[in-house]
Amino acid sequence: MSLRGELFDRTKIKTEEASASLQGDLVEALRLGVISMLVLLLAGFLLSGVIGPLFALGSVEETVTDVLTRLALLALPFVAYIAAASVARRYTWTDTPRALSLALTSTVLLFLLVAVGHYAFDYGVFAPRPSLEMTLSQTEAGIRVEAIAPGGAADMAEMQVGDVITAIRRDQVDLAALNLRLSQSEEDTPLRLRFIRGDEELQETVRVAIDSDKQLSALLPGLIFGLVFTVVIVFLPGQWAPYIALVGLMTPLLVGYFWVIVATFSYRTEGLIPLDSNDNFGGFTLENWESIFVGNIAGLEFNIWPILLTSLAIAVIMTFVVLLVSSMAGYALSRMNFPGRRFFLSFTLILHGFPAITLLIPIFIVLLRLGNIPIIGELIGFNTAGGIAMVMVAFQLPLGVWLMKGFFDNIPWDMERSALIDGASRWRTYWEILLPQIRPGLLALGIFAFIGGWNAYIIPATYSIGSGVSNLPVFLNELIDETAPVDWNQVAAVGLFQLIPIFIFFIFAQEYLLNIYAGGTKGSS
Amino acid sequence: MKVTIDNLTKKFGDVVGVEDLTLHIDDGEFVAFLGPSGCGKTTTLLTLAGIYRPTDGEIRFGERIVNQVQPKDRNIGMVFQSYALYPHMTVFQNIAYPLKLKRVAKNIQHERVQQVANVMGIGNLLDRRPGQLSGGQQQRVALGRALVKEPDILLFDEPLSNLDARLRLTMRGEIKHLQKDLGITSIYVTHDQVEAMTMADRIAVMNGGHLQAFDSPDELYSRPKTLFVAGFVGNPPMNFVSVDVSGSNGSYIAEADSLRLEVGQERGGPPAGYDGAVVMGIRPEDIQISENGNVSGEIFIVEPLGREDLIDVRVGPHSFLLLENTESQRQSGERVNLKFDMQKAQFFDPQTEKSLLWQ
């Protein structure tokens, strides 16, 4: 067949597809759904059956693959619904009833398929669950036993209807906590329940049984959720999809930040909810922040300002020296030819990959000796902010030099030649013509260096032992170490306090980062 | 200012950029360096600018030897192919930069920049940044920056290569006009022979780091001294064919396979004295399709150029390019007779590639 004939034929097939019947669409939707399910099943099998055991061979824990497998199985029906709904979406705005009926029908069919699978493999709602074989309900006094299965675990332990369970051993429990304990138990795990019968407080050991009854009614919520889910997918504007995915991925991060912020302003939090001493919503306070500035947290006395100053000194010295040395070294490596240039380039790359931790002890000794030298020792010796900054600079420099070299490489030679011919000295060319053009690069490296210095922990903790010199991260660790019990809301406040300068730094840097120059040289803009 | 280049050699390690170059450029002259890429013309220009130090030889501006002089002390202006404008500065700051470096007073800077910008037709763009300008405007800024410090010598490094064809034509005229007006000695590097022919007073043709010829455009075109110059200058290029020239007493015959051409005394004499085959060159406009032509050939392909057609005629194993009026409606495959104007033929020594006619 000629190329032209082939092309013609294809368009014909496409038009046929578009005008296909509802049945045809349904088949397509189901096919897509089943294919996506099979793909996920295969992925799950590969993860748990192949990659997991391979990990285990190297005696690495294979929990990651376990979690991923479970995630794949959990997502399986929903991915299938999305696949089926994607077929229906082509009619969403042209023929809404058709789209809905198609989506809902295929969802029901796919749901049935999944349910059969779960039933056959004792999975999902049909999975055997640990059970005490009695019906419980939460009351003011505790967990009331409403009914007991005859001959079941609770019956064997001689529990009675009307008993009010208050604790497992000495741990107070409510219904949620009890269910949690239960779900973590295996068959025959003994749970020693404390309960009140009449006026007496009694104690019985109930052995956990495994309830493998398959109740079809448990499927209903899943079906309803699936149908709602499909309808949402059918009507979801396509351009929202990336945002929904991003928000989904970011949620854990946002929840974390939210907690930190809430925690610093409250006495106590239960999850994300701030509580006062009577377990009611509320209990907001500024005490966590106040005590930072007063300098007394749970008996640990300190002065925050020298600590802040040390942090700042390390970060600023580091930023300044890294920027200065990296940009000049980067310029030399990019523009000048000197013996050993290639060696230097590859060597810095190796240095960048070198694990800094292994050098902790040798550098400790070097700093100790440096500290014995008069004057210099005061500036960059052991137990000084300068010394710590210098070590941090050394670890940051390889990256900085390479980064800067890359930026200089991107400036055309002609620019520099032009400046030289215009009458600038080499130094002036570097300073007035080249540096302004790599400003985004300088800024990026500056931020790296500043944050690196500000958050530094290992090196300050190692090289400022037993002295007044400590920065915020080291102080934070001290706070956790030396107060008992640890007041986490207080720790969160110090953590947030440490975040503030970085936050300010970013707000200002943002403006510069976005202000990137373009053009001026042909082909390089 | 006079520029004298004596035996200039520039090597990068083992790579020869330019070798043994000798050129004398007069005050106020517009000289073009013409050659294919990698021929050493830009290297020579950058050596003149002081970016490269000469490996050997001498460069003099006027009477001053400048071999060791820093670029900033040479008082030259340069325009780059990429314009090399400073993207973080406004047009004003770009043009004023050479003045700022010379510590010219602020008010004089303003005056001079405005003046130059007006001449260049960019007086209303001084507040913009280079990124906001079109290619032609950027080119004008670059030219303005080169001119503002009143240089003794202007250097151009393929300044028009990045412009579109139409703009290139306009800028070509403007640069030439400006140069004549200001009388600044200018050196213009280009690989485009049309640019070189139209703008320059004299053209230095370079190839492989060597100077091939240094002459006026007319001279290069009608009296090429080497085979390379003959082939490089002129568009469409000259036709070459290897021939034997024989005869005596004012009547000579150039022969090659089926080709038999009569050559006059003036052009036929020197090649007849050469022992063996020589390379004959003839420009497309010197061959005509004519009823009474004595060479018969077949049209291989016709390329319409608009004003005329470029026709490739095969004569035996040889191929000749010629120009023909479009009205004659030639078709490929047609058999035609060719008439060669042998008074314009060139002859070259195949070994040394030097012209046998002009020394």
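**Exercise 1. In chain B, what share of the contacts between residues at least 6 apart in sequence join residues at least 24 apart?**

*Solution.* Take the contacts in chain B whose partners are at least 6 residues apart in sequence; 65% of them join residues at least 24 apart. Keep in mind that this is a predicted model. Next, look at what chain B is built from: nine helices and 20 strands. Its C-alpha trace spans about 75 × 45 × 35 Å along the principal axes. Finally, of its 359 residues, 43% are buried.

**Exercise 2. Is chain A spread out or compact when set against the globule rule?**

*Solution.* Start with the parts list: chain A has 20 helices and twelve strands. For 525 residues the globule rule gives 24 Å, but the radius of gyration of chain A is 33 Å, well over that value, so chain A is more spread out than a compact globule. Now add the extent of the C-alpha trace, about 95 × 90 × 50 Å along its principal axes. As for burial, 27% of the 525 residues count as buried. To finish, try the contact count from the opening exercise on this chain: among contacts between residues at least 6 apart in sequence, 62% join residues at least 24 apart.

**Exercise 3. Find helix α7 of chain A (residues 219–235). Which of its residues are buried, and where do they sit around the axis?**

*Solution.* First, check the length. The helix has 17 residues and reaches 25 Å from its first C-alpha to its last, close to the 24 Å expected. Second, pick out the buried positions in α7(A): A:L219, A:G226, A:T230, A:I233 and A:V234. Third, look down the axis: these residues cover an arc of only 95°, which puts them on the same side of α7(A). A general point helps here: an α-helix has 3.6 residues a turn, so residues three or four places apart point the same way. Fourth, turn to the face away from the buried side, where you will find the exposed residues A:L220, A:P221, A:I224, A:V228 and A:V232. Last, ask what lies over the buried residues: the cover includes α3 (63–88) and α4 (96–120) of chain A.

**Exercise 4. Why does A:I196 count as partly exposed?**

*Solution.* Begin by locating A:I196 in strand β6 (residues 190–197) of chain A. Then count its surroundings: 16 other C-beta atoms lie within 10 Å. A buried residue would need 20 or more and an exposed one 12 or fewer, so A:I196 falls in between. Leaving out residues up to four places away in sequence, A:I196 touches A:V164, A:T166 and A:E201.

**Exercise 5. Which residues of the largest nonpolar core touch the most other members?**

*Solution.* This core has 137 residues, and the ones touching the most other members are A:M318, B:L155, B:A204 and B:V205. Its largest share, eleven residues, comes from helix α14 (residues 385–409) of chain A. Apart from this core lies another, of 22 residues, including A:L26 and A:A85. Now zoom in on B:L155: beyond residues up to four places away in sequence, its contacts include B:L45, B:I76 and B:I187.

**Exercise 6. How many residues of chain B are in contact with chain A, and what kinds are they?**

*Solution.* Count both sides: 23 residues of chain B are in contact with 22 residues of chain A. On the chain B side, β6 (76–79), α2 (91–101) and α4 (135–147) each supply at least two residues. The largest share, three residues, comes from α2(B). Sorted by kind, the chain B side has 15 nonpolar, five polar and three charged residues.

Definitions and conventions:
Residues are numbered from 1 along each chain as its sequence is written. Chains are lettered from A and ligands numbered from 1 in the order in which they are written. This is a predicted model: local features need pLDDT of at least 70, side-chain atom pairs count only at pLDDT 80 or more; totals for chains, interfaces and linings use all residues. Helices (H or I, at least four residues) and strands (E, at least two) are DSSP runs, numbered from the N terminus. The expected span of a helix is 1.5 Å times one less than its number of residues. The arc is that of the directions from the helix axis to the C-beta atoms. Two residues are in contact if their C-beta atoms, placed from the backbone, lie within 7 Å. The radius of gyration is taken over C-alpha atoms; the globule rule is 2.2 Å times the number of residues to the power 0.38. A nonpolar core is a set of buried Ala, Val, Leu, Ile, Met, Phe, Trp, Tyr and Cys residues joined through C-beta atoms within 7 Å. Ala, Val, Leu, Ile, Met, Phe, Trp, Tyr, Cys and Pro count as nonpolar, Asp, Glu, Lys and Arg as charged, and the others, Gly among them, as polar.
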